[in-house]
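The following exercises concern a predicted model. Each task is followed by a solution in steps.

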Amino acid sequence: MVVNGHASTLDEVARLAGVSKATASRALNGRSKVSAKAQAAVVDAARELGYTPNGAARSLVMQRTGSVAVILPESDERVFSDPFFARMLHAVARSLRERDLQLVLLLAQPGDEDRMLLYLRGRYVDGAIVASHHRDDRLAEHLSDLGLPCVFIGAPWIGAERVPVVDSDNAGAAAQAVRVLIDGGRRTIATIAGPRDMRAGHDRLAGWRQELDAAGLDSNRVAHGDFTEHSGTTACAELLDADGGGDIDGIFAASDLMALGAMRELGARGIRVPDDVAIVGYDDLGVAERTQPPLTTLRNPIDQMVTEAVRLLVEAIAQGGRGAPRRVVFVPELVRRDTV
């Protein structure tokens, strides 16, 4: 901010926050070894003074940084253990490299949003790709307010109408999975749904329920996981142990990892797949080919989605973020194997 010809400085931010200049610098650059109290004080002081890091000035001179942020509102452990993120980041890195752009990975864990937004406000990157959306996230609104070119892979809960979105038809794919199970003669079909606060989990659950309701079948056998193998095992046990759980003859799992966990639980109980219980997963990121028997699943078109997201982002950067928001939806493909 410039007041009476005076631009706020890092020294003033440090003084207002009651910390050293070095601590203020580390806090604003997202570095470690800064206490939560000091971090909050520096962020508050920078906001109050309207301080913008020098990266903005560099960007004004250079026009472009040649970097694109990939924002994942997830923990380090989740990002580096989930095959979805591994495939997505690989595809993004490849697509950006083809355009001579550098990937900057930002993991926005709870409590980190202010620091991340301060970094983005500094224009250290030309644009952002955001993936993995939780119910309370307001990133679409924040990035739109910043005027930073961005594209969301998957629709956010809040502000989807304000940003470009590349999505897959999660609800339609889940409905297709149910139809496959029904066509195979299954009538008591449960689901291991994704997290309640994630849009993909919500939409896949909605598609499962809608198809069962349309067929006049019970749509109350639901257990939630977090897209991990362990949660699939736990959720499957919950379903089997519930009243009437012994009647289940079909399961739709909202991720292949959860399907793998479910298959382990079924096997431990002597329940045969697909003879006793048929199962369909979601993703087809390599796990499905290695299960025993190989898993029938919906192929999440991540590579195509990423290619389109990068194309839209490059277009938005060229337009200075002024283009109208667009929504592109891809349809997952059913991959039949041996679990139905």
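**Exercise 1. Determine how many disulfides the model holds, and state whether Cys150 and Cys236 are buried or exposed.**

Solution. Step 1: the criterion for a disulfide is a pair of cysteine sulfur atoms within 2.5 Å. Step 2: applied to this predicted model, the criterion gives a count of zero disulfides. Step 3: a residue is called buried when its relative accessible area is under 20%. Cys150 has a relative accessibility of 5% and is therefore buried. Cys236, with a relative accessible area of 0%, is buried as well.

**Exercise 2. Describe the surroundings of Ser67: in which strand does Ser67 lie, and which residues are in contact with Ser67?**

Solution. Step 1: Ser67 belongs to strand β3, which covers residues 67-72. Step 2: the relative accessibility of Ser67 is 12%, so Ser67 counts as buried. Step 3: when neighbours within four places in sequence are set aside, the contacts of Ser67 are Gln102, Val104, Tyr124, Val125, Asp126 and Gly127.

**Exercise 3. Establish the strand order of the open sheet and identify its edge strands.**

Solution. Step 1: the sheet has six strands, in the order β4-β3-β5-β6-β7-β13, and their pairing is parallel. Step 2: β4 (102-107) and β13 (327-330) are the edge strands, since each pairs on one side only. Step 3: from one strand to the next, the twist averages 20 degrees. Step 4: within this sheet, β3 and β5 (residues 127-131) run parallel and are joined by four bridges. Ala69 is found opposite Ala128 in β5.

**Exercise 4. State which strands helix α6 lies across and which strands helix α14 touches.**

Solution. Step 1: helix α6 (residues 83-97) lies across β3, β4, β5 and β6 (150-153), and runs at about 170 degrees to β3. Step 2: helix α14 (residues 302-318) packs on the sheet, where it touches β3, β5, β6, β7 (165-168) and β13. The direction of α14 makes about 165 degrees with that of β6.

**Exercise 5. Find the volume of the largest cavity and the helix that supplies the largest share of its lining.**

Solution. Step 1: one cavity of 30 Å³ or more is counted. Step 2: the space in the largest cavity is about 400 Å³. Step 3: 28 residues line the largest cavity, and Phe84, Ala200, Arg204, Phe227 and Asn300 are the closest to its centre. Step 4: at least two lining residues each come from α6, β7, α10 (199-214) and α12 (256-268). Step 5: α10 provides the largest share, four residues.

Notes
Residues are numbered from 1 along each chain as its sequence is written. This is a predicted model: local features need pLDDT of at least 70, side-chain atom pairs count only at pLDDT 80 or more; totals for chains, interfaces and linings use all residues. Side-chain values use heavy atoms; hydrogens and water are left out. Buried means under 20% relative accessible area, exposed over 50%, partly exposed in between (1.4 Å probe, protein chains only). Contact means heavy atoms within 4.5 Å. Two strands pair if DSSP finds at least two bridges between them. Axes are lines fitted to C-alpha atoms, for helices over the stretch in contact, and angles run from 0 to 180 degrees between N-to-C directions. On a 1 Å grid over the protein atoms alone, a cavity is a set of points where a 1.4 Å probe fits but cannot get out, and a pocket is an open set with protein on both sides within 12 Å along at least five of seven lines; lining residues have an atom within 4 Å of a point. Grid points are joined across faces, edges and corners, and a volume is the space filled by probe spheres set on the points.
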